[in-house]
Amino acid sequence: MAWDRNQMAARAARELKDGFYVNLGIGIPTLVANHIDESIDVTLQSENGMLGMGPFPYDDEVDADLINAGKQTITELRRTSYFSSAESFAMIRGGHIDLSVLGAMEVSEKGDLANWMIPGKMVKGMGGAMDLVAGVKRVVVVMDHASKSGAPKLLHECSLPLTGRAVVDLVITNLGVFEIETGKGMTLVELASGVCVDDVKGLTQADFDVAVSS
Amino acid sequence: MKKIFPDAKAALDGLVFDGMTVMSGGFGLCGIAENLIIALRDTGVTDLTVVSNNAGIDDFGLGFLLQTCQIKKMISSYVGENKEFERQYLAGELELEFNPQGTLAERCRAGGAGIPGFYTKTGVGTVIAEGKEHKEFNGETYILETGLVADLSIVKAWKGDEQGNLVYRKTARNFNPVMASAGKATVAEVEEIVPLGSLNPDCIHTPGIYVQRIIEAKHEKRIEQRTVRERQSA
């Protein structure tokens, strides 16, 4: 037993607080929008230049001039504002965004993040990820705990080129939740349903403390 | 001075030369200067350095200039949607400089604003910081990034007037305003050229001073990821 993609997204959604401005990355982080508690007011930012991102459009509402950072068609809300990419990253770099949820290939026990490049294999680019991890107040990573072949992705040191150093505050995997504090390292604070600490240890290279409240 | 030109070909006349730097507005295929990209290809200009957040897709946008190998170097933040790009890059036929997206936008903004460099936290501790000046401000480390200017900027807006004032629509604004400001010559293509005075002066996104030439053109506006939701039946 472990969490599936939607359960991971639902867990990440619990990090969103009333009044937050939030940027969601591509993949599982995008699903977080489906799990936001209706009792809180959250504004989603899309780094191509929009605050107040709405859901996907109905078929007859699709507008080529209205896309999110994943190039998906979306809709606007009554609160929406549009701006240039420079303004958008001024918001991000200037520390005005409260929380970002991103995917990852690797995270180190010090909070280093690698999520943009596999040398010699993948040539895509970092997009806005480096700006987000450098500027956003709190960075939450959502990812599978290990690769399909069982290789750990929570490591002592990242092997792939970094997106940022000591930037990750929380990691949510299919097995559980880890807090990372600068100078203190990584702590396992929650386990997914049916998962025990030894299951996690067997698939983790990074050192971590255990502080799971039952 | 008359800024309105009859078409994309005429609007680029006398502005292009081999080895030049071109900024191309847009995010993905949203808000790209579709007609000017094709006209640029048809000039036959080569050895271009192109500054653009993305590289189009194989058969649209900047993909047209990649097919014909007119681009020598790209400065971009994300090129994952173009397989021909990846092929040319891995074969060593194309130079590539990755910039974080916000750094790229700010480099254009700074270039257009006469600011030769700025410090940012983005990329500190990564390959992006290698070889760049590091400086501490209030106990935090920043790196020096430089402003960018282009010989030519091609941008796309929703509406414009004969003075070159531009208004963009929704997320099609993206990189267009900063690139318009950073071109030694800027050519804008718009969906509609409107009579002088019909744009609200309080709501102009790019003041006409940044725009030397303007054309009205038809736009295909291709969509990369058409995502929709189902209507709940009542």
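## Exercises on the sheet of chain A

In this predicted model, N23(A) has S100(A) as its bridge partner in β5(A). Residues are numbered from 1 along each chain as its sequence is written, and chains are lettered from A in the order in which they are written. As the model is predicted, local features need pLDDT of at least 70.

**Exercise 1.** Find which strands β1(A) pairs with, and in which sense.

*Solution.* Start with the terms: strands are DSSP runs of E with at least two residues, numbered from the N terminus, and two strands pair if DSSP finds at least two bridges between them. Next, take β2 (residues 43-46): β1 (residues 21-24) pairs with this strand in the parallel sense over 3 bridges. Here V22(A) stands opposite L44(A), and N23(A) stands opposite Q45(A). Then turn to β5 (residues 99-102), which runs parallel to β1(A) and is joined to it by 3 bridges.

**Exercise 2.** Place these strands in the whole sheet and name its edge strands.

*Solution.* Read off the order first: β4-β3-β2-β1-β5-β8-β10-β11-β12-β13, an open sheet of 10 strands with mixed pairing. The edges are β4 (76-82) and β13 (208-210), each pairing on one side only. Finally, the twist averages 25° from one strand to the next, with axes fitted as lines to C-alpha atoms and angles running from 0 to 180 degrees between N-to-C directions.

**Exercise 3.** Which strands does helix α1(A) touch?

*Solution.* Contact means heavy atoms within 4.5 Å, and a helix is a DSSP run of H or I with at least four residues. By that test, α1 (residues 5-13) touches β5, β8, β10, β11 and β12 of chain A. Its direction makes about 155° with that of β10(A).

Note on methods
Predicted model: local features only at pLDDT ≥ 70, side-chain atom pairs only at ≥ 80, totals over all residues. Heavy atoms only, no water.
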